[in-house]
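Take a moment to turn the model around on your screen before reading on. We'll walk through it piece by piece, and you can follow along in the 3D view.

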Amino acid sequence: MQRRVGGGGDGEMEEEEEEEEAPTHLNTSTCGHFLVISTDKLCAKYTGEGLHGNDVGAIQGNRPAPCRRLLYYFEMTVKDRGFKGCTTIGFTDDHFRNSRQPGWEPNTYGYHGDDGKLYHGQGKADSFGPTFSTGDTVGAGINYGAQEIFFTKNGKLVGGTFNDVKTPLYPTIGLHSPNEKVEVNFGQRPFAYDVEAQLKKERERRRKAVENVPLSPSVNHSIVRSYLLHFGYHDTLAAFDAANGGSFPPMLFTPHEYGNGTLDNDMFALDQRKMLRRLVRDGNIDGVFAKLREWYPQQLQQQQEHCSNIIFLLHCQKFIELVKLGMLEAAVTYARTELAPFFGSSPDQDLHLQDCLALLAYEQPHETPMAYLLHFGYSELVADAINAFVLSTNPSVPASGKSPQSGLEKLLQQLTACLAEKRVLNGGQGEVFSLHRILQGGKEGGW
């Protein structure tokens, strides 16, 4: 597993998304008095007379519907409609009474088989869809993104109702006349309804909503140019500008709007940052130290006195370059003299040192979990950290204690913060946004 290195901006570290446990069977500990439940806890049969409104046999799933996803769905097959066909499927909350039908209590929803109506709170009913009976398979789901409860019958969408969905909600069934019998499917076998197709459709709807947001034609040029400036890709920047014939679209922001002169800061020491990046790419770490002592002696001395992250990364990179060259004895000597003082400084540095030193234990380090240290991408991370250090020495920019950031980084932080705030306003429901997953080409709701 690769570990993050360098002192990036706020928001680089993302919380790992915990896997939510979904319902797997009916909860017999909260079962209605008029139900007999099968040994696998997936079938229920009504044994009462069904003469009164409070002798319903209702039962919830063993867990609430997971809410850190875009959709949740389950199904129920009517094995026997019984005397009146009062079978119901829906969702209920923690306070639900199992002697009542789903939809008869606040914050509960129920699609009823005898009349095809949708009930949602205190017995309020709306004309909704067809009735269902013996042999029919009906389903109920929650679209957290759209805040919609939806229902299906025999593999086809019946419809949905938009509400302020308040979780946790439990998948629930209700029976209310003699001999009614149903079987529940929590995903242990394929659903009759193609829920994956609906999920794909919802993602497409959200993606189009994002794509329809208007942007200035110059936005891509401005962001790319800002990125190249910030990270000191001098040659690439020159080629990028040349490709545009030296005629640049107007920047989207004035320096003031862009964030306290960020554009001016990105121009700082551009030639020096270019040279330092090239030295890192060439594996010439001694040259990097020499240039830093020449250009930034005071700041480098302060970094060395505090055993800073930038000094740590440079020493690690020097060790790695020795390993790359096969100079293992020199690498061991260097580790004893330069890396040993960093042990115990911080848990993160200790873990990183362990990975570096583990390179010595293998005849083919390129084929080990530590091989990432030998790749070009890792040396670029080190070069990025040096670039940030140089930018932080700009005397015209007030010291903030944070690593300087490019405009692109700020935009991504704002995106992440906005989507996190959206989930908060939505009661913590919906998929957890993962910027890392998006950048690695994975699926994400809303894209």
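Which residues in α9 meet which residues in α11? From α9 come Asn309, Phe312, Cys316, Phe319 and Ile320, and they meet Gln349, His352, Leu353, Cys356 and Leu357 in α11. Sort the residues of this contact by type and you get 7 nonpolar, 3 polar and no charged. Keep in mind as you look that this is a predicted model.

How do these two helices lie against each other? Two packed helices are described by the angle between their axes and the distance between the axes. Here α9 covers residues 309–324 and α11 covers residues 347–358, and their axes come within 10 Å, crossing at roughly 10°. The cut-off for roughly parallel is an angle under 35 degrees, and α9 and α11 are therefore roughly parallel to each other.

Let's stay with α9 for a bit. Its 16 residues reach 22 Å from the first C-alpha to the last, close to the 22 Å expected at 1.5 Å a residue. Is it out in the open or tucked away? Of its 16 residues, 14 are buried, so α9 is largely enclosed by the rest of the structure. After the helix comes glycine 326, with a positive phi near 80°.

Part of the surroundings of α9 is another helix, α7 (residues 285–295), whose axis comes within 9 Å of the α9 axis and crosses it at roughly 150°. That angle makes α7 roughly antiparallel to α9. On the α7 side, Ile285, Asp286, Val288, Phe289 and Leu292 take part, and they meet Ile311, Leu314, His315, Gln317, Lys318 and Glu321 in α9. This contact divides into 6 nonpolar, 2 polar and 3 charged residues. So what about the spacing of the residues in these lists? An α-helix has 3.6 residues a turn, so residues three or four places apart point the same way. You can see that kind of spacing in Phe312, Cys316, Phe319 and Ile320, which are among the α9 residues that meet α11.

Now zoom out. The protein has 14 helices and 13 strands, and buried residues make up 46% of its 447 residues. Among contacts between residues at least 6 apart in sequence, 64% join residues at least 24 apart.

On to the strands. One open sheet has 7 strands in the order β1-β2-β13-β4-β9-β10-β11, with antiparallel pairing. Its edge strands are β1 (35–37) and β11, each pairing on one side only. From one strand to the next, the twist averages 20°. Inside this sheet, β4 (residues 71–80) pairs with β13 in the antiparallel sense over 5 bridges. One spot to find is glutamate 75, whose bridge partner in β13 is asparagine 185. What packs on this sheet? Helix α1 (residues 195–211) does, touching β4, β9 (137–143), β10 (148–153) and β11, with a direction that makes about 150° with that of β4.

There is also an open sheet of 6 strands, in the order β3-β12-β5-β6-β7-β8, again with antiparallel pairing. The edges here are β3 and β8 (125–127), and each pairs on one side only. The twist in this sheet averages 20° from one strand to the next. Look at the edge strand β3 (residues 57–60): Gly57 and Ile59 on one side and Ala58 and Gln60 on the other are all buried, so both of its faces are covered. An antiparallel set of 4 bridges joins β3 to β12, and isoleucine 59 stands opposite isoleucine 173 in β12. Further along, β5 and β6 pair in the antiparallel sense over 4 bridges, with glycine 110 in β6 as the bridge partner of glycine 90.

Finally, a few backbone details in the loops. Most residues other than glycine have a negative phi, and most peptide bonds are trans. Asparagine 107, though not a glycine, has a positive phi of about 55°, and it is found in the loop between β5 (88–92) and β6 (109–112). Asparagine 179 has a positive phi near 75° and is placed in the loop between β12 and β13 (181–185). Buried or partly exposed? Asparagine 107, at 22% relative accessibility, counts as partly exposed, and asparagine 179, at 43%, counts as partly exposed too. Last stop: a cis peptide bond joins threonine 167 and proline 168, with omega about 5°. You'll find proline 168 in the loop between β11 (156–162) and β12 (170–175).

Conventions
Residues are numbered from 1 along each chain as its sequence is written. This is a predicted model: local features need pLDDT of at least 70, side-chain atom pairs count only at pLDDT 80 or more; totals for chains, interfaces and linings use all residues. Side-chain values use heavy atoms; hydrogens and water are left out. Axes are lines fitted to C-alpha atoms, for helices over the stretch in contact, and angles run from 0 to 180 degrees between N-to-C directions. Helices (H or I, at least four residues) and strands (E, at least two) are DSSP runs, numbered from the N terminus. Angles under 35 degrees count as roughly parallel, over 145 as roughly antiparallel, 65 to 115 as roughly perpendicular and the rest as oblique. Contact means heavy atoms within 4.5 Å. Ala, Val, Leu, Ile, Met, Phe, Trp, Tyr, Cys and Pro count as nonpolar, Asp, Glu, Lys and Arg as charged, and the others, Gly among them, as polar. The expected span of a helix is 1.5 Å times one less than its number of residues. Buried means under 20% relative accessible area, exposed over 50%, partly exposed in between (1.4 Å probe, protein chains only). Two strands pair if DSSP finds at least two bridges between them.
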